[in-house]
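Today I wanted to see how the chains meet and what sits at the core. Here are my notes.

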Amino acid sequence: MKREAISALRARRGFLRGIGRAATVAAAAVAAGTAGIMRKAAAKGEATGRRAAFPTADYDWTRHRWAFGVDATKCIGCLRCVEACKRENDVPLTAHHFRTWVERYVYLEGEDQPRIDSQQDPVNIAASGSQGEYRFANRYEGAKVEKAFFVPKLCNQCTHPACVQVCPVGATYQTKDGVVLIDHEYCIGCRYCVQACPYGARYFNEEKGVSDKCTWCYHRITKGLQPACVEVCPVGARVFGDAKDAQSPISLFIRNNRVQVLKPETGNAPNVYYVGIDKAVS
Amino acid sequence: MEPLIHYAPYTGWVYPNETVIEWSIAIVVYPYITGLVAGAFTVSSLYQVFGFQRLKPVAHLALLTSLCFMLFVPLPLLLHLGHPERAFNNLLTPHWTSAMAMFGYFATFYIVLLMVETWFAFRPYVVEQAQNRKGLLGPVYRLLTLGSYDVSEEALRHDRKWIFWLAIAGIPGAHGLHGYVGFVFGSLKSREWWSSDLMPVVFLFSAIISGVALLIVLYVVSCWLRRIAIDLACLKGLAYTVWGFIMVALVLEGLEFANIVYKGREGVEMIIAYVYGPLLVPYFVLQFGVGAIFPLLLLSYMIWRGTTGKALIAGVALSACLVLLSVFMMRWNVVIGGQEIAKTGRGLLTYHLQFFGHEGLLVAIVLLLAPLATLFGLTRFFPPWHDKPA
């Protein structure tokens, strides 16, 4: 009986040893296959980031700290910024996907809460005639308006971004110059980041199967250009620049105005600074 | 052709990007299944670790149930991902600050644990089949013995020791996996409806009651199918377990809601408008009233009156079905409900459930039935019964 038990144990050991060998071979194959992915993951890591110029040969992201300003008192709600952004960044031409948008706040006489809408509102889409064009409908014609203003919105490129915190694979990350980017080649499309953003700045691109959001036109600003929305704004309601440069438009904007940020209680420490917004704006 | 975007109608003011509800019924099914896994494992552990002898008739069934449902846990997530082929990025380059990063490891660890425990639990049967079975299944059972044919008392004692320690490791494993699902929601500060410290425990206790309720239904149905008498002591044991845990679950869920209302932070008006409006039936009537309070009262009455026989079976089975509904509604109200309240705190959206499509109702039903079908097949292969059919 005991001998049988020992032989059974030996057989079990032999079998397990066989499995062990097979597992080693399989692990080696998997390791070889994943080496490419690991290299790709490492490519956006610290070591590469420490190079003198990154991400391009002419740009060093350690020398800048980008920031954005919005002067809501200047915005006229023309929505050129929204159209420019859609074209520049290949944003789907629907009423449900925006890297930037403009909100309209209207206080009517006798009402203590504002009426709020944006270009995506069905009434405004009906006025523009298509989901690819944006207009604010004249929906308060005849009503007594006590106060009204527009508020442009975009990604806040937070210092403590909740979206980066929750990304399970590290596909979204913060650059050294303060912008939050998404690696579309690595994003798995779980949309946890879309849920985590308190500002509603992220959307899911169904065709590409990945999350997307405003990058302050990173491909432009790293070449010394302005973000598309800033470029087209006819009234200068959007201000962009390098916070490390004391004489840049954004440094002057922050220094010369009493600015505020949206939802500071979240602890995200947003980097879009507002002037002229109301308590109802969040 | 299924449209790519499912626009959600809304009232009030919502952010433009919120008009697509991103986490669908697939993400409702996911925590529901993991909850059933944790709950079923609890029943198995009550017998294996805590020595609840009266649960012996369902102990192995509970283990198989846990395994079958666990095998399908990743599926709703994979169906939901924009790039399911990149799912392994989660294991290869986990981003540790994410509440989701550990999922792959937790799930893998737990599936392996369940498989090993099942192997030990069914080893005597596998050895017997390997020695006697003819035909196609013979070699399969022989392979499953892993070369070990020793079923001496000493070897079985050794197996029982393994089962005991695996069951002990499985308790934090199963409950950690599920409490962790609660943390995925509770740790988000963007939504008042989700952002709660209680969320992981709320998920955990509702998971336990759902798993025990599932075991009750499976046990009653299996006895009926096998034409054998139901062990009333076992059924009562399961009923007591649901009865005890449902009270904790109710208190926790009630506390969570009370906290939101009492703290009354910004946006609470919208939440109140929502729960007394569109959520009235799913939340107060189905989740709390019909699904939790009614079964609690019914079970209390039966325990008080000492109900037995067919009335007990009918009452406990009915309570179990209602608890299963309640927990599904709880998942629905958390996942879908959270997204129907706009992040602006000034608007409400409406989720439209699609029937077809990879995140539609049909797929959700299949996802919930697939583990049961697998279990049906697996019980033929590894019979978990402790008695012989009549």
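I began with the chain contact: 42 residues of chain B are in contact with 49 residues of chain A (C-beta atoms, placed from the backbone, within 7 Å). Helix α4(B), residues 89-92, gives the largest share of chain B's side, 3 residues. Helices here are DSSP runs of H or I, at least four residues, numbered from the N terminus. By class, that side of chain B has 19 nonpolar, 16 polar and 7 charged residues (Ala, Val, Leu, Ile, Met, Phe, Trp, Tyr, Cys and Pro count as nonpolar, Asp, Glu, Lys and Arg as charged, the others, Gly among them, as polar).

A note to self: this is a predicted model, where local features need pLDDT of at least 70, side-chain atom pairs count only at pLDDT 80 or more, and totals for chains, interfaces and linings use all residues. Residues are numbered from 1 along each chain as its sequence is written, with chains lettered from A and ligands numbered from 1 in the order in which they are written.

Next I looked up a helix pair. α8(B), residues 199-226, and α12(B), residues 309-340, pack at about 140°, with axes 8 Å apart. That angle makes α8(B) oblique to α12(B) (not under 35 degrees, over 145 or 65 to 115). Among the residues making this contact are Ile209(B) and Ile216(B) of α8(B) and Val316(B) and Leu324(B) of α12(B). I found 15 nonpolar, 2 polar and no charged residues there.

Last, Val58(B): leaving aside neighbours within four places in sequence, I found Val58(B) in contact with Val43(B), Leu215(B), Tyr219(B), Cys234(B) and Leu238(B).

How values were computed: Two residues are in contact if their C-beta atoms, placed from the backbone, lie within 7 Å. Axes are lines fitted to C-alpha atoms, for helices over the stretch in contact, and angles run from 0 to 180 degrees between N-to-C directions. Helices (H or I, at least four residues) and strands (E, at least two) are DSSP runs, numbered from the N terminus.
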